Amino acid sequence: MVRMKLAAAGAVLAGVLASLPALAQDKPKELVVGIATFLSGPASVFGVPGRNAADLLIEELNAKGGILGVPVKPVYVDEGAGTNQLLSEYRRVVQEQGAQVMLGAISSGSCNALAPVAEDLKVVNVMWDCGTQTIFEDGKWKYSVRTQGHAGAEMMATLLYLMKVKPDFKSIAVVNQDYAWGRESWALFQAGLKALKPDVKVVAELFPKFGAPDFSTEITRLSALRPDVVLSTSWGGDLDTFVQQAAARGLLKQSTFVLPLAESSLERLGNVLPEGVIVGARGDHYWLHPKTKNTPEMQAFVKKYKDKTGVYPIYPTFHMQQALTGLAKAYEKAGASTGGKWPSKEQVIAAFEGLEFKSLTGTITIRADHQGLEDQMLGTTKRVPEYPFAVYDKMALYPGKLVTTPVGEKSLDWFAKATQALVNDKSIETFDYAK
């Protein structure tokens, strides 16, 4: 009887505790942060720079006292191992290594798979790079937040730039990787294109397999069709390979290429990429950003990164900086109301809502739906004697609020309502290349 009463009392107490809000706790000895990024495969040319930036930034952060006086310990997970292995490793890092925060991931497919896992594990999940707009439009995730823009902002800015610099094009083809990002980014772009320029003819929709080593079929098709514009939102090793093979066949001089993610490939492509290609950086990320290239923060970051790696930083490194800066600021905001106690995961994720913080190139604002607002910048490639690779010229900087789908709306529906007024909005800033 006594045992039964104790068990009943224990059950009542557990129920009461479960109903209470998560409470702040004592500071841990270290803050374990799991970071999912491509460390192998063709996308590693994109993922390894993200890891390199994380190493550099976390070292600097810990030298200044860490987060709320707690050192940060990174644990890396290879996204290149495949979705099943990624999910398994993600769980292991949280459950066995005690990660309170996970940064995941690069691929839109990975982010779609990880969001429900983060809910199950009740772990703060910072989407540091993936672009799919459906994450917060089709679902509501308590524990996930994105510290950068999504495909909607990127594709809207790309469309507006194309409409401004080449308004008379009559035909277009697309060559995108065959997975969530490639399909969704084209669907958005096409919806906006129909609204702004309904007479444009789509002559080819080509979706090669992710990681494809050979694009001869696509290039032969494009050579025969000769579209005015070729759009490719591909990235990493896939984009490098496609551009190299297309250049060898003279395709880059036949059509205007629009490559919204090509900033990450400029240095690797060297002299392969000619002048006149429209390029972007999934945000306003560019180490030669016309407004911030001479700031002490940017110059210090560029120098440290180049000294460490031998190359200039590319946009995944800036996305990593935003994720870690946002995380630190969210902990500071949450910690300000805990009386010196370590904030709970629930308090940290709540602190992200409405958070505004400085990045190396602008200001990031986290909306109530956990989606980050960031500016978008595009330009046209130019060859200059200062560098053995193409740089941005004829740059246009689009405010995040202007090009991001409003809260509560679906991006496809919003794109379908695009008007010419967006193309000529007065908030858009323009810049030419300057040494």
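The two principal pockets of a predicted model are described below. Local features were accepted at pLDDT of at least 70 and side-chain atom pairs at pLDDT 80 or more, whereas totals for chains, interfaces and linings use all residues. Residues are numbered from 1 along each chain as its sequence is written, and side-chain values rest on heavy atoms, with hydrogens and water left out.

The largest pocket (an open set of points on a 1 Å grid over the protein atoms alone, where a 1.4 Å probe fits, with protein on both sides within 12 Å along at least five of seven lines) encloses about 770 Å³; the volume is the space filled by probe spheres set on the points, which are joined across faces, edges and corners. Its lining (residues with an atom within 4 Å of a point) comprises 27 residues, and Leu57, Glu60, Lys64, Gln321 and Thr325 lie nearest the centre. At least two lining residues come from each of H2 (44-63), H11 (296-309) and H12 (315-335), helices being DSSP runs of H or I with at least four residues, numbered from the N terminus. H12 provides the largest share, 6 residues. The lining divides into 11 nonpolar, 9 polar and 7 charged residues, where Ala, Val, Leu, Ile, Met, Phe, Trp, Tyr, Cys and Pro count as nonpolar, Asp, Glu, Lys and Arg as charged, and the others, Gly among them, as polar.

The second largest pocket has a volume of about 360 Å³. It is lined by 24 residues, with Phe136, Lys140, Ala368, Asp369 and His370 closest to its centre. Helices H5 (134-137) and H13 (345-352) each contribute at least two lining residues, and the largest share, 3 residues, belongs to H13. By class, this lining holds 7 nonpolar, 7 polar and 10 charged residues.
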